[in-house]
Amino acid sequence: MSAMLFAQTDPTVSTGSAAGLGIFFLFYAAFIILFIASAWVIFKKAGKPGWAAIIPIYNTIVALEIVGRPLWWIVLTFIPFVNIIILIILAIDFAKAYGKSSGYAVGLIFLPFIFMPMLAWGDARYVGPVAMAGGYPPPGGYGYPPQGYPPPGYPPP
């Protein structure tokens, strides 16, 4: 019993735990800031307001608009297990909306802390919504050449 009492009053036990917890929250805060900043830039590339990245639920609505999915899909994100499938589909659509492949979408799903900043600050350009009601891809293409760059003189004056 005296050892238990000693462990409870030993200041090094609680200090070490607090330091470890503090370091954990420091890294967690850094990841959150990285995700918010990345989403902000990704939204701006698509012509949407960057501040939408920090508003819960609204950021999903804006993401659905960016990829061209119907807005009623927001309801599907609240259904357990269905939301995982929906988020995977959104990751695939996001990669394609920025001219990337399905392999890039796998990176967005499994290593988002690497691939989101690459999408935000890399050479990716928004090519338009990919999941239109008229088909995949939309009839007539996206209005851009295949490499994902807008034609000369775009946008029109």
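**Exercise 1. Getting your bearings**

How many helices and how many strands does the secondary structure of the chain come to? Work out the pattern along the sequence too.

*Solution.* Keep in mind that you're looking at a predicted model. Start by counting elements: there are seven helices and zero strands. Now read along the sequence, and the pattern comes out as α-α-α-α-α-α-α. Last, check burial: of the 157 residues in the chain, 28% are buried.

**Exercise 2. The largest pocket**

Find the largest pocket and describe its lining by helix and by residue class.

*Solution.* Begin with the space itself, which is about 690 Å³. The lining is made of 20 residues, and Ala 63, Leu 87, Leu 90, Phe 94 and Met 116 are the closest to the centre.

Next, ask which helices contribute. At least two lining residues come from each of H2 (11-45), H3 (58-67), H5 (82-97), H6 (102-110) and H7 (112-121). H2 has the largest share, with six residues.

Then sort the lining by class: 18 residues are nonpolar, two are polar and none are charged.

**Exercise 3. A walk along helix H5**

Take H5, compare its span with the expected one, and list its buried residues.

*Solution.* H5 has 16 residues, and from first C-alpha to last it reaches 22 Å. That is close to the expected 22 Å at 1.5 Å a residue.

For burial, apply the cut-off of under 20% relative accessible area. The buried residues of H5 are Ile 86, Leu 90, Ala 91, Asp 93, Phe 94, Ala 95 and Ala 97. Try making sense of that list with a bit of helix geometry: an α-helix has 3.6 residues a turn, so residues three or four places apart point the same way.

Now zoom in on two neighbours. Ile 89 sits in H5 and, at 26% relative accessibility, counts as partly exposed. Its C-alpha is 9.0 Å from that of Ala 105, with the two residues 16 apart in sequence. Leu 90, also found in H5, has 7% relative accessibility, so it counts as buried. From the C-alpha of Leu 90 to that of Leu 64 the separation is 7.6 Å, although their positions lie 26 residues apart along the chain.

Finally, look just past the helix: H5 is followed by Gly 99, which has a positive phi, near 75°.

**Exercise 4. Hunting salt bridges**

Search the whole structure for salt bridges, and say which parts of the chain each one ties together.

*Solution.* Side chains of opposite charge can pair when their charged atoms come close. The search turns up three salt bridges, so take them one by one, using a cut-off of within 4 Å from nitrogen to oxygen.

- Step 1: Lys 48 meets Glu 65 at 3.2 Å, N to O. Lys 48 is in the loop between H2 and H3 while Glu 65 is in H3, so this pair ties together parts 17 residues apart in sequence. Lys 48 is partly exposed at 24% relative accessibility, and Glu 65 is partly exposed at 33%.
- Step 2: Asp 93 meets Arg 69 at 2.5 Å, N to O. Asp 93 belongs to H5 and Arg 69 to the loop between H3 and H4 (73-76), so the parts tied together are 24 residues apart in sequence. Asp 93 is buried, at 2% relative accessible area, whereas Arg 69 is partly exposed at 23%.
- Step 3: Lys 100 meets Asp 123 at 3.4 Å, N to O. With Lys 100 in the loop between H5 and H6 and Asp 123 in the segment after H7, the pair ties together parts 23 residues apart in sequence. Lys 100 is partly exposed at 24% relative accessibility, but Asp 123 is exposed at 57%.

**Exercise 5. The nonpolar core**

Which residues have the most contacts inside the largest nonpolar core, and which helix gives the most to this core?

*Solution.* Here's the background: in soluble globular proteins, nonpolar side chains tend to be buried together. The largest core here has 31 residues. Those with the most contacts inside this core are Ile 42, Phe 43, Ile 66, Phe 94, Tyr 98, Leu 108 and Leu 119.

Then go helix by helix. H2, H3, H4, H5, H6 and H7 each supply at least two core residues, and H5 gives the most, with six.

To finish, link this back to the pocket. Phe 94 is among the core residues with the most contacts, and Phe 94 is also one of the lining residues closest to the centre of the largest pocket.

Notes:
Residues are numbered from 1 along each chain as its sequence is written. This is a predicted model: local features need pLDDT of at least 70, side-chain atom pairs count only at pLDDT 80 or more; totals for chains, interfaces and linings use all residues. Side-chain values use heavy atoms; hydrogens and water are left out. On a 1 Å grid over the protein atoms alone, a cavity is a set of points where a 1.4 Å probe fits but cannot get out, and a pocket is an open set with protein on both sides within 12 Å along at least five of seven lines; lining residues have an atom within 4 Å of a point. Grid points are joined across faces, edges and corners, and a volume is the space filled by probe spheres set on the points. Helices (H or I, at least four residues) and strands (E, at least two) are DSSP runs, numbered from the N terminus. Ala, Val, Leu, Ile, Met, Phe, Trp, Tyr, Cys and Pro count as nonpolar, Asp, Glu, Lys and Arg as charged, and the others, Gly among them, as polar. The expected span of a helix is 1.5 Å times one less than its number of residues. Buried means under 20% relative accessible area, exposed over 50%, partly exposed in between (1.4 Å probe, protein chains only). A salt bridge is a side-chain nitrogen of Lys or Arg within 4 Å of a carboxyl oxygen of Asp or Glu. A nonpolar core is a set of buried Ala, Val, Leu, Ile, Met, Phe, Trp, Tyr and Cys residues joined through side-chain atoms within 4.5 Å.
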